[in-house]
Each structure stands twice: as C-alpha cells, then as structure tokens.
Amino acid sequence: NTDLVTANIAMDQGEASSDERVSVNIFLPSGQSVAVSILLTQTCGDLGKIAQTSFGRGFLRLLSADGQFLHPDDSLQSAGLEDGSNVTAVAQIPRLVATQLAFAIWTYGGPAVAWGDPEAGGDCDTHGKRVRSVQELVAAEYAIAAMLTNGHVVSWGDPGSGGYVWDSRLRDVKELVAADDAFAALRADGSVVTFGDASVDCSSLQEKL
C-alpha cells in the first residue's frame, strides 16, 4: 500500500479539497504501468517518488499526456492532472560534477542536488527553486555554476571562485565553462561574461570577441 500524506492547504472556493484523491496511471515507455491513488494537492514530485518506488528505478521524470515535463514542486491540480490522467515516466541519465570539497548531481531539465562543504559548492539550497530545470552544471575549484533551460545562470560556493554571483548579464546564455577560480558564459548575442577571480575580467576585450 502507498502511504499518502494529507496536505493542510487553504483552498479557494471552487478548488479541490485537501483530502480529494485521484487515480493517476503512470506508464513506462516499455508499456509497464501502475495505477496510483494520490491526493490532488500533493506534488508531482510526490508522484515521481511513488513511480520510482513502484518501478524500482531511480531518476525518473514525469511527462504529461501532451508531452510536457511536470515540475516536481507543482501540485497535481496546478499541473492539470485529474482522476484518470495518464503520465509517462522517462528515465533520465544523472550527471556529476565536483569541486575540491563538494559534489553536485543533476539530470537534464531537472533540479540540482549538492552536498559537501557549503563554502566549496556543497549547498545550492540558498537558491531554492531557482536551481531546477538545469541544462548544464560546471565546477570550478570551490564553486559550481548552473545554466538553466531558460538561459539564466546561477552559482554557489566560494564567491572568490564565482559562487553566489548575481549579474543581470547572465541570461540568454548558450554555453558555460569553468576555470580554476572563475566561469565564462557565452551569450546568444556573442558576448562573453566572466565571473569569479577578478583577473579573468574580459570586459576590455569585448570589441575583439
């Protein structure tokens, strides 16, 4: 039996009550399936965990019937799921990066999870929901930077290595690379933005790029 957690959520008039259950059918591409009874106010992440347990497989991402990835933090209701909905669980290939004292793992389009020394890239929780929908992760010696699927870049770790840098230019990024203590981001317009160790500043070279 699947344990279901009752969500204590204040509902607006016309929305589903917090104890309303729906049956969702989860399919693997192989055709194997499982029917899950779950609270409508639970999240797609909860549904994904149930899928991983039911199929005995990790790193599964859920696709709606129209082919859209379901964000783990969204409730089933906000994702448009209802009783009898069908979703597909797709296996993702996890990838790892490492700094000198920390690690991070992610799957394309999914969230990043980091652990190790927080000052060396082991804690990305400061960014909260911002470090999801990851397209690429790269690591310097003591910091990690993520290029998101929307083209934005966020980083964490030692500020001297490029961690916890916010630059409004770090958007529309197409490529992200790391050096020992810095990062460089190539934007769609051909410009390059560097952050981290001050010695890597390339602002004076933009006309040559």
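Q: Helices (H or I, at least four residues) and strands (E, at least two) are DSSP runs, numbered from the N terminus. How many of each make up the secondary structure of the protein?
A: This is a predicted model, in which local features need pLDDT of at least 70, side-chain atom pairs count only at pLDDT 80 or more, and totals for chains, interfaces and linings use all residues. Residues are numbered from 1 along each chain as its sequence is written, and side-chain values use heavy atoms, without hydrogens and water. Along the sequence the pattern reads β-β-α-β-β-β-β-β-β-β-β-β-β-β. The total is 1 helix and 13 strands.

Q: What is the strand order in the open sheet of 4 strands?
A: Two strands pair if DSSP finds at least two bridges between them. Pairing in this sheet is mixed. Its edge strands, β2 (33–39) and β3 (60–63), each pair on one side only. The order is β2-β1-β4-β3.

Q: By how many degrees are neighbouring strands of this sheet turned against each other on average?
A: Axes here are lines fitted to C-alpha atoms, for helices over the stretch in contact; angles run from 0 to 180 degrees between N-to-C directions. For the strand average, direction is ignored. The value is 35°.

Q: Which residue in β2 stands opposite S23?
A: Strand β1 covers residues 21–27. It runs antiparallel to β2, and 7 bridges join the two. Opposite S23 stands S37.

Q: Do β1 and β4 run parallel or antiparallel?
A: Strands of a sheet pair through backbone hydrogen bonds, in either sense. In β4, T88 is the bridge partner of F27. β1 and β4 are joined by 3 bridges, and their sense is parallel.

Q: Which residue of β4 stands opposite L60?
A: β3 and β4 run antiparallel. They are joined by 4 bridges. The residue opposite L60 is A91.

Q: Which strands does helix α1 touch as it packs on the sheet?
A: Contact means heavy atoms within 4.5 Å. α1 spans residues 44–55, and its direction makes about 145° with that of β2. Its buried residues pack against β1, β2, β3 and β4. The strands touched are β1, β2, β3 and β4 (86–91).

Q: Which residues of α1 are buried?
A: Buried means under 20% relative accessible area, exposed over 50%, and partly exposed in between (1.4 Å probe, protein chains only). Across the protein, buried residues make up 41% of the 209 residues. In α1 they are C44, G45, L47, G48, I50, A51 and F55.

Q: How many Å does α1 reach from its first C-alpha to its last?
A: The helix has 12 residues. The expected span of a helix is 1.5 Å times one less than its number of residues. For α1 the expected value is 16 Å, and the model comes close to it. The reach is 16 Å.

Q: Which element supplies the largest share of the lining of the largest pocket?
A: A 1 Å grid over the protein atoms alone is used; a pocket is an open set of points where a 1.4 Å probe fits, with protein on both sides within 12 Å along at least five of seven lines, and lining residues have an atom within 4 Å of a point. The lining has 29 residues, with G45, P72, G110, P111 and V113 nearest the centre. At least two residues each come from α1, β3, β6 (102–106) and β7 (112–116). The largest share, 6 residues, comes from α1.

Q: What is the volume of the largest pocket?
A: Grid points are joined across faces, edges and corners. A volume is the space filled by probe spheres set on the points. Here that gives about 700 Å³.

Q: Why does D117 count as partly exposed?
A: D117 sits in the loop between β7 and β8 (134–139). Beyond its neighbours within four places in sequence, D117 is in contact with L101, A102 and G122. The C-alpha atoms of D117 and L101 are 5.7 Å apart, at a distance of 16 residues along the chain. D117 counts as partly exposed because its relative accessibility is 29%.

Q: Which residue in β13 is the bridge partner of A184?
A: In β12 (residues 182–187), A184 is also the bridge partner of V177, and β12 pairs with β11 (residues 173–178) in the antiparallel sense. A hairpin of 3 residues joins β11 to β12. β12 also pairs with β13 (residues 192–196), antiparallel over 5 bridges. The β13 partner of A184 is T194.

Q: Which residue in the turn between β12 and β13 has a positive phi?
A: These two strands form a hairpin with 4 residues between them. The phi is about 90°. The residue is G190.
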